[in-house]
Amino acid sequence: MVQAVVGANWGDEGKGKITDMLAEKADIIVRFQGGANAGHTIVNDYGKFALHTLPSGVFYGHTTSIIGNGVALNIPVLFNEIKSIVERGVPMPKILVSDRAQIVMSYHILQDQYEEERLAGKSFGSTKSGIAPFYSDKYAKIGFQVSELFDEELLKEKVYRICEQKNVIFEHLYHKPAIKPEELLKELDSYREMIAPYVCDTSAFLWNAIKEGKNILLEGQLGSLKDPDHGIYPMVTSSSTLAAYGAIGAGIPPYEIKKIVTVVKAYSSAVGAGAFVSEIFGEEADELRRRGGDGGEYGATTGRPRRMGWFDCVASKYGCRLQGTTDVAFTVLDVLGYLDEIPVCVGYEIDGEVTTDFPTTPKLQKAKPVLKRLPGWKTDIRGIRTYAELPENCRNYIEFVEKEIGFPITMISNGPGRNDIIYR
């Protein structure tokens, strides 16, 4: 069976933990989109890890981890990540990289940095990981596919052609030094050496695994609201964050995805710019940020303080609908135990009218949150393993959210550890 783990909101929902947990019963875990611009934080028996490219199920000896064709592959980042987990006592994982994946080049990272610098106050809040220039080049058909690393004649011709094109932008738009074809060829040679042991036709591998009845887990990056088609455009990422894209980014038939676990946080957080209706500020935000996550709400890749907000029913209902949710995993619920009452955003007021439908960005920027306040439970719920043991007000909060979003909450995470989970 194939199941997907994806995010309902802006990312940072806790997908890493849920993937790590579900991977115990999986044979194969696939990263199907995105790059090293966002991370998944994992706490398990080996310690605490921030993964950026490796799938979150990489810590189990029985699993195969796949980097799918839809991923923006930064080869040195992947290589260093493998090395870093092995150095901390994790057994060398079995890793396969799609021969159709495309490569993040050093000039993509430079271009990302230069563009944010050029835009100054109007920038997109990029992590400067080269992701937007990478996907731009992929769709402009001037990217490097992993398979091309093994064709030297093709590489030489392509490198000179791409340098001509890129240097117009580098020299005349950004007023920066030109990139040199000789240096790019050296870069590509080093990438070939690093990646060669892992490369294969992962789509064929997955097709055979499906026929053999293997359990496959697709791991998404970021969340619905960062999708370039359905998110808060233009403050979005550059690849589709939806479970439907998992079929494309892994190279499997769409009808094989039978279960879609959408991860939803018990409050809201976001990294980067863009509309965020339920956002809170000042001391209220600082306290939630300090208590949140598994050691504070800071980006796993950037270390940036996350923007904080109350749970947003409008955004979460929309995010779950787009994902095709079969199950909701409700995370970091334990964090809210300090509050006397918990505000929840149940609607958006736009031009004097209240809506519960998530609008396009121009309307979203005018939206004000309509809040309902629910009584808190004022106790620590970590360590609880059954739903019935949760405080009544805690259960009421879960059931209120479930009714508002319209999708079943079947897993509740009440701590950062692999076993801090309640099945419902």
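Which strands does helix α8 lie across? In this predicted model, α8 lies across β1, β2 (28–31), β10 and β11 (257–265), and runs at about 125 degrees to β11. Let us start with the sheet that holds these strands, then move to the helices and a few unusual backbone spots.

## The sheet

If you trace the open sheet from one side to the other, you meet 10 strands in the order β9-β7-β5-β2-β10-β1-β11-β16-β20-β21, and the pairing is mixed. At the edges sit β9 (199–200) and β21 (421–423), each of which pairs on one side only. As a reminder, strands of a sheet pair through backbone hydrogen bonds, either parallel or antiparallel.

The table gathers three of the pairings, each with one pair of residues that stand opposite each other.

| Strand pair | Sense | Bridges | Opposite residues |
|---|---|---|---|
| β1 (residues 2–7) and β10 | parallel | five bridges | Val2 and Ile216 |
| β1 and β11 | parallel | six bridges | Val2 and Ile257 |
| β11 and β16 | parallel | five bridges | Val264 and Phe330 |

Val2 is a handy residue to find on screen: it stands opposite Ile216 in β10 and also opposite Ile257 in β11. Strand β11 is mostly covered, with seven of its nine residues buried. Helix α10 (residues 313–323) packs on the sheet too, where it touches β1, β11 and β16 (327–331). The direction of α10 makes about 165 degrees with that of β11.

## Two helices side by side

Two packed helices are described by the angle between their axes and the distance between the axes. For helix α3 (residues 106–119) and helix α5 (residues 152–173), the axes come within 11 Å and cross at roughly 25 degrees. An angle under 35 degrees counts as roughly parallel, and therefore α3 and α5 are roughly parallel to each other. The crossing of α3 past α5 is left-handed.

Which residues of α3 meet α5? They are Tyr107, Leu110, Gln111, Tyr114 and Arg118, and their partners in α5 are Ile162, Lys166, Phe170 and Leu173. Sorted by type, the residues of this contact are six nonpolar, one polar and two charged.

The spacing along α3 is worth a look while you have the model open. An α-helix has 3.6 residues a turn, so residues three or four places apart point the same way.

## Helix α4 and its surroundings

In α4 (131–139), the residues Ile131, Pro133, Phe134, Tyr135, Asp137 and Lys138 are buried. These buried residues pack against β6 (72–73), β8 (102–103), α3, α5 and α8. Helix α8 therefore links two parts of our tour, since α8 packs against the buried residues of α4 and also lies across strands including β1 and β11.

## Unusual backbone spots

Most residues other than glycine have a negative phi, and most peptide bonds are trans. Three places in this model are worth checking against that rule.

Lys141 comes just after α4 and takes a positive phi of about 65 degrees. Lys141 lies in the loop between α4 and α5, and it is exposed, with a relative accessible area of 68%.

Leu222 has a positive phi as well, about 60 degrees. Leu222 is found in strand β10. Is Leu222 buried or exposed? Leu222 is buried, with a relative accessible area of 16%.

Finally, the peptide bond from Tyr233 to Pro234 is cis, with omega near 10 degrees. Pro234 is found in the loop between β10 (216–223) and α8 (243–250).

Conventions:
Residues numbered from 1 in each chain as written. Predicted model: local features only at pLDDT ≥ 70, side-chain atom pairs only at ≥ 80, totals over all residues. Heavy atoms only, no water. Axes fitted to C-alpha atoms, helices over the stretch in contact; angles between N-to-C directions. Helix = DSSP H or I, 4+ residues; strand = E, 2+ residues; numbered from the N terminus. Parallel < 35°, antiparallel > 145°, perpendicular 65-115°, else oblique. Left-handed = near helix turned anticlockwise from the far one by under 90°. Contact = heavy atoms within 4.5 Å. Nonpolar A, V, L, I, M, F, W, Y, C, P; charged D, E, K, R; others polar. Buried < 20%, exposed > 50% of the residue type's maximum accessible area, 1.4 Å probe, protein only. Pairing = 2+ DSSP bridges.
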